[in-house]
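Here is a quick walk through the sheets and ring contacts of one model. Have the viewer open while you read.

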Amino acid sequence: MDYIGKSVIRKESYDKVTGKAKYTHDFIEAGTLQAKMLISPYAHANIVSIDFSEAWKISGVRAILGDEPFPLVGEEIKDRSPIAYKRVRYFGEPVAVVVADTLLNAKKAIDAIKVTYELLPVVLSPREAFQNNSTLVHENLASYEKPEHVFPVPNTNIAHLNKIRKGNIQKGFAESDVVAEFTIAFNPSDHAAMETRCSIAEIRPDGTIIFTTSSQAPFAIKNLMKWYFGIEPGKVIVNTPLVGGGYGGKATVQLEIIAYLASKAVGGERVKLFNTREEDMVTSSVHIGLDATVKLGATKDGVLKAAEIQFLFDGGAYSDKSIDISRAGAVDCTGPYRIEHIWCNSYCMYTNKPFAGAYRGYSHSEVLFAFERTMDVLAEKLYMDPLELRYKNAILPGDTTPTQVVLTSSTVGNVPICIEKLKALMKWDEGQIIQIDERKVRVKGVSCIWKNSTFDPNATSGVIVTFNTDGSVNLLSGVVEIGTGTKTVLAQIFADQMKMDIEKVHVKMLVNTQSTPEHWKTVGSRGTFMAGRAVINAVNNIKRELKERASFILRVQAEELEVGYHKVYLLENPNVNIAIKDIAYGYTFPNGETIWGQIIASGNYTQTNVTYLDPETGKGNPGPEWAVGAQGIEVELDLIDYTYRIIKAYTVADIGRVLNEKGALGQIMGAMSMGIAFGGRETFVFDEYGRILNPQLRTYRPLRFGEEPEFIVEFVETPDVSAPYGARAAGEHGLLGMPAALGNCLSKGLGVQLNSLPLIPELLWRAKQGVQR
């Protein structure tokens, strides 16, 4: 009954492959009203007037919301009206909401609303926003409510600044023989989850608000409703069923707020708000953009001495989660390298683009594209093999991170071994460029990766376990099943700890915040770490209770007993035992007398030793551990028409102990596919007015079936002693280095340094020909 490391089939797999799985939009209840949003066709404009008169004439219209001041919302700064008031700041921003008896009538009413706009200058990039004479996206930034650890700069477009100051940057460059500086930039893009966002809200007569929503953060909704509207968390119940992919985008709380306001407008009746694909791509949170400059100094033999970095994150029109994203980028501003002197300013900038939400990797794939591209530029200036440069400078136990955490073998994985394994897998010594014919070459590119999880210091996770009369258990956790298979891994941990059949571990997939213990948020690759620790704590409580009961029945000391194989047995003589099913629900004597009752156990875990960062130096511990790895890409590049085909993609990841082999492989490969699409395909195209020109999957191009390369994945297992079975994070890491590896690969093949994403043939041609956009 050893399930750890095995390929256990996911608990929800049957429902998913048969189509029986229910997602938020599948919950259909008679009498539910339908809401529809009118969104702005402009990126920056004053709302001169809104005329609802014709909309009210549409049959079945119950309420129209808009043209009124709602309480401001925003996870870090309250800077956003849920429905725009007096001004719109991004293309796609909700301007009005209609609630009607049918979706068709709601849509008719939306089409009948007349809005007059006065166009304003648009801010189209974070670098433009950073200029002193730039148009201000928020003139009243100083007046917005915010927590203490957020630092906006009034009268600018800077929503927040994080500083990293380690060592002495002037000394570092003075000790450097070679300096390489490189600037990159790319636009926001979409999460492209299969399920679009959906939220249903209802207000009961007693004031209880009930949500059913596709969210990665149901417990955060409760807390934010308190901050936004003063509603006590106990009066908010959030149901989250299976979520059809989130990739961070469903950690943002947006539709829930609008659905609540819509329900309130119709006397608390149940209201559903559902994004079409086009709406999901422009009106809800997007994948953040970045403009970055990295300057590296090294000795002539390739020892890194200094890193001076500026990040301008494109937070969009409202700060929301982008403030924390820019903080996460600062924390791991370098790759996994030993650098004594680091200076970094990480800015969250306001622009007139859709506001940013979390995206798989939480700033790390973006930051690593900037840093790892600069590493290749430095290698070229040093006339040094780029993989050798990385190996020479790989961070090790005893070194310190940019936030001055002293690393141990537990808190950081083994970067050198990852590089060695990647080198062998890619047959690197055969050459980085191989000529195929007169017009085609085969090229290899690499990058290294690392990531910590910048959670709140008080982030917590809990589980509840109840027993059934047959000795099976029900496992309840607030982790949202978003496709990662985390709840199956929790069942594996429980079954392994109890030495019981995993089929006897029943996992509740639906999260209900009233009956399910809290898990802070299902983000940051922290589900297994935190909820797994909670499961182990619950098992310890269960074993103690079972041993106490069995010791009474068997007339032995509790410390002489062990639990396993559906029994509690005497260690020195396992034939002396009692079945768990006979005591877990109480024990009945032959005469019918019954004692005890159902065992109900709980376990919880809160991260320890995690701190806030010092605002002037960035010093602090951002999370429990760093997972590291090395990645590579091999392409066939046509030097005539600049098309290319990715042949192979490689990942060597140190994820500690592999808990579910095929599950881990699936997570890594899926993330690699996302990273390749981010690097080579996906982007929003904006016109000069800030409008998105490709808000459909016809024109927005993720990888299609059959376009994937061969994925080659290997694991290194350096355990994190604080994690369940030593397991490190894995869900995001396959994505992190793919854009950088692709950029390094194509730059080498073309003989020019590529500095933008996505790396489409036109961009390659422009770079090679020196043609500006």
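## Rings, charges and sheets

Phe-589 counts as partly exposed, with a relative accessibility of 26% (buried means under 20% relative accessible area, exposed over 50% and partly exposed in between, using a 1.4 Å probe and protein chains only). Tyr-587, at 17%, is buried.

Before going on, a word on the source: this is a predicted model, where local features need pLDDT of at least 70, side-chain atom pairs count only at pLDDT 80 or more, and totals for chains, interfaces and linings use all residues. Residues are numbered from 1 along each chain as its sequence is written, and side-chain values use heavy atoms, with hydrogens and water left out.

**Aromatic contacts**

A pair of aromatic rings is described by the distance of the centres and the angle of the planes. Here, rings of Phe, Tyr and Trp (its six-membered ring) pair if their centres lie within 6.5 Å; planes under 30 degrees apart are stacked, over 60 edge-to-face, and the rest tilted. That rule gives 18 aromatic pairs. In one of them, the ring centres of Tyr-587 and Phe-589 are 5.0 Å apart and the planes sit at 90°, so this pair is edge-to-face. Elsewhere, Phe-186, Tyr-359, Phe-369 and Phe-678 make up one aromatic cluster.

Arginines get involved with rings too, as the table shows. A charge sits over a ring if NZ of Lys or CZ of Arg is within 6 Å of the ring centre and within 35 degrees of the ring normal.

| Charged end | Ring | Distance from ring centre |
|---|---|---|
| Arg-526 | Phe-529 | 4.7 Å |
| Arg-555 | Phe-552 | 5.2 Å |

**The five-stranded sheet**

Strands (E, at least two residues) and helices (H or I, at least four) are DSSP runs numbered from the N terminus, and two strands pair if DSSP finds at least two bridges between them. One open sheet has five strands in the order 18-19-30-31-32, with mixed pairing. Strand 18 (433–435) and strand 32 (710–716) are at the edges with a single partner strand each, so one side of each has no neighbour in the sheet. On average, neighbouring strands of this sheet are turned by 15° against each other, direction ignored. Strand 30 (residues 627–638) and strand 31 (residues 644–654) run antiparallel, joined by 10 bridges; Glu-634 stands opposite Lys-648 in strand 31.

What packs on this sheet? Helix 17 (residues 738–750) does, touching strand 18, strand 19 (440–451), strand 30 and strand 31 (contact means heavy atoms within 4.5 Å). The direction of helix 17 makes about 40° with that of strand 30; axes are lines fitted to C-alpha atoms, for helices over the stretch in contact, and angles run from 0 to 180 degrees between N-to-C directions.

**The six-stranded sheet**

Another open sheet has six strands, ordered 7-16-15-14-8-33, again with mixed pairing. Its edges are strand 7 (158–166) and strand 33 (756–757), each with a single partner strand, so one side of each lacks a neighbour in the sheet. Eight bridges link strand 7 with strand 16 (residues 341–350) in antiparallel fashion, and Leu-161 stands opposite Tyr-347 in strand 16. Helix 9 (residues 322–331) lies across strand 7, strand 15 (304–316) and strand 16, at about 15° to strand 7.

**A hairpin**

Strand 24 and strand 25 form a hairpin with two residues between them, and Tyr-565 in the turn has a positive phi of about 60°.
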